[in-house]
Amino acid sequence: MSSQIQDVGFWGQSWLVGVPLIALTVVVHVLGLGLIRAAFARAFKDRERYHRFPLYHFAMVMWLTVTLVTGLHVVEATIWAAAFLLIGAMPNPHAAMLYSISAMTAYGHAQVYLEDHWQMLGALESLTGLILFGLTTAFLYGMIQRAWPGRDK
């Protein structure tokens, strides 16, 4: 596989690896958000049961939602880290995961770098992170709208 990737050119390698990774992680994210939403359907349906403590119910729903979404982002960063290891862009799993989370969150302060010919792949992961966090923000907004105390169904 790596010999086919090398024939594409300096930046082309990153695009060949990055575009499928973008598609994969966006699909994983959307499916994960859908599963989280489905899991909370009962919590929204049975809200009347928690009428004595609506703020507590809201806080618990949002805490669990944020925790699950954070786990979803970790899974997606792990997919990118595994790809970095598979193509030889990172020397070990620790460096790959540190770089991946740093790129995906646009943190950028980790002292871990991709080799020159894979740097575009890092930029593509950062782009993916923006897309994923945008989807997450929209999802959390929707969850707040559904779970807010006193809100009509």
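The following paragraphs describe the fold, the buried cores, the helices and selected residues of a predicted model.

The protein contains six helices and zero strands, so that the order of elements along the sequence reads α-α-α-α-α-α. Of its 153 residues, 37% count as buried, and the surface that the protein exposes amounts to about 9100 Å², with carbon and sulfur atoms supplying 69% of that area. When contacts with a separation of 6 or more are considered, 71% of them are accounted for by residues 24 or more positions apart in the protein.

In the interior, the largest nonpolar core has 22 residues, and the residues with the most contacts inside this core are Trp-80, Phe-84, Met-90, Tyr-99, Leu-114, Trp-118 and Leu-121. At least two residues of this core are supplied by each of the helices α2 (12-39), α4, α5 (93-104) and α6 (119-147). A second core, separate from the largest one, is made of 13 residues, among them Leu-33, Met-62, Leu-140 and Ala-147. Within the largest core, Met-90 offers an example of how parts of the chain meet: with its neighbours within four places in sequence left aside, Met-90 is in contact with Phe-84, Leu-85, Ala-95, Ala-96, Tyr-99, Val-112, Tyr-113 and Leu-114.

Helix α4 spans residues 54-86; its 33 residues reach 48 Å from the first C-alpha to the last, which is close to the 48 Å expected at 1.5 Å a residue. Two residues of this helix, Met-60 and Thr-65, illustrate contrasting surroundings. Met-60 has a relative accessible area of 35% and is therefore classed as partly exposed, because that class lies between the limits of 20% for buried and 50% for exposed residues. Together with Phe-53, Tyr-56, Trp-63, Leu-64 and Leu-68, Met-60 makes a nonpolar surface patch of about 640 Å². Thr-65, by contrast, has a relative accessible area of 0% and is therefore buried; residues up to four places away in sequence not being counted, Thr-65 touches Ile-36, Phe-40, Phe-139, Leu-140 and Met-143. After α4 comes Gly-88, for which phi is positive, near 80°.

Helix α6 has 29 residues and covers 41 Å between its first C-alpha and its last, a value close to the 42 Å expected at 1.5 Å a residue. The buried residues of α6 include Leu-121, Leu-124, Glu-125, Thr-128, Leu-132, Thr-136, Phe-139, Leu-140, Met-143 and Ala-147. Such a list can be read with the geometry of the helix in mind: an α-helix has 3.6 residues a turn, so residues three or four places apart point the same way. Among the buried residues of α6, Phe-139, Leu-140 and Met-143 are also contacts of Thr-65.

Two further residues lie at or beside helix α5. Pro-93, which belongs to α5, counts as exposed because its relative accessibility is 57%. The C-alpha atom of Pro-93 is separated by 7.1 Å from that of Ala-81, although the two residues are 12 residues apart along the chain. Ala-106 is placed in the loop between α5 and α6, and with a relative accessibility of 58% this residue, too, counts as exposed. The phi of Ala-106 is near 60°, which is a positive value in a residue other than glycine, whereas the positive phi that follows α4 belongs to Gly-88.

How values were computed:
Residues numbered from 1 in each chain as written. Predicted model: local features only at pLDDT ≥ 70, side-chain atom pairs only at ≥ 80, totals over all residues. Heavy atoms only, no water. Patch = residues over 30% accessible without salt bridge, like charges linked within 9 Å, V, L, I, M, F, W, Y side chains within 5 Å. Areas by Shrake-Rupley, 256 points an atom, 1.4 Å probe, with all protein chains shown as cover. Salt bridge = Lys/Arg side-chain N within 4 Å of Asp/Glu carboxyl O. Helix = DSSP H or I, 4+ residues; strand = E, 2+ residues; numbered from the N terminus. Buried < 20%, exposed > 50% of the residue type's maximum accessible area, 1.4 Å probe, protein only. Expected span 1.5 Å × (residues − 1). Core = buried A, V, L, I, M, F, W, Y, C linked by side-chain atoms within 4.5 Å. Contact = heavy atoms within 4.5 Å.
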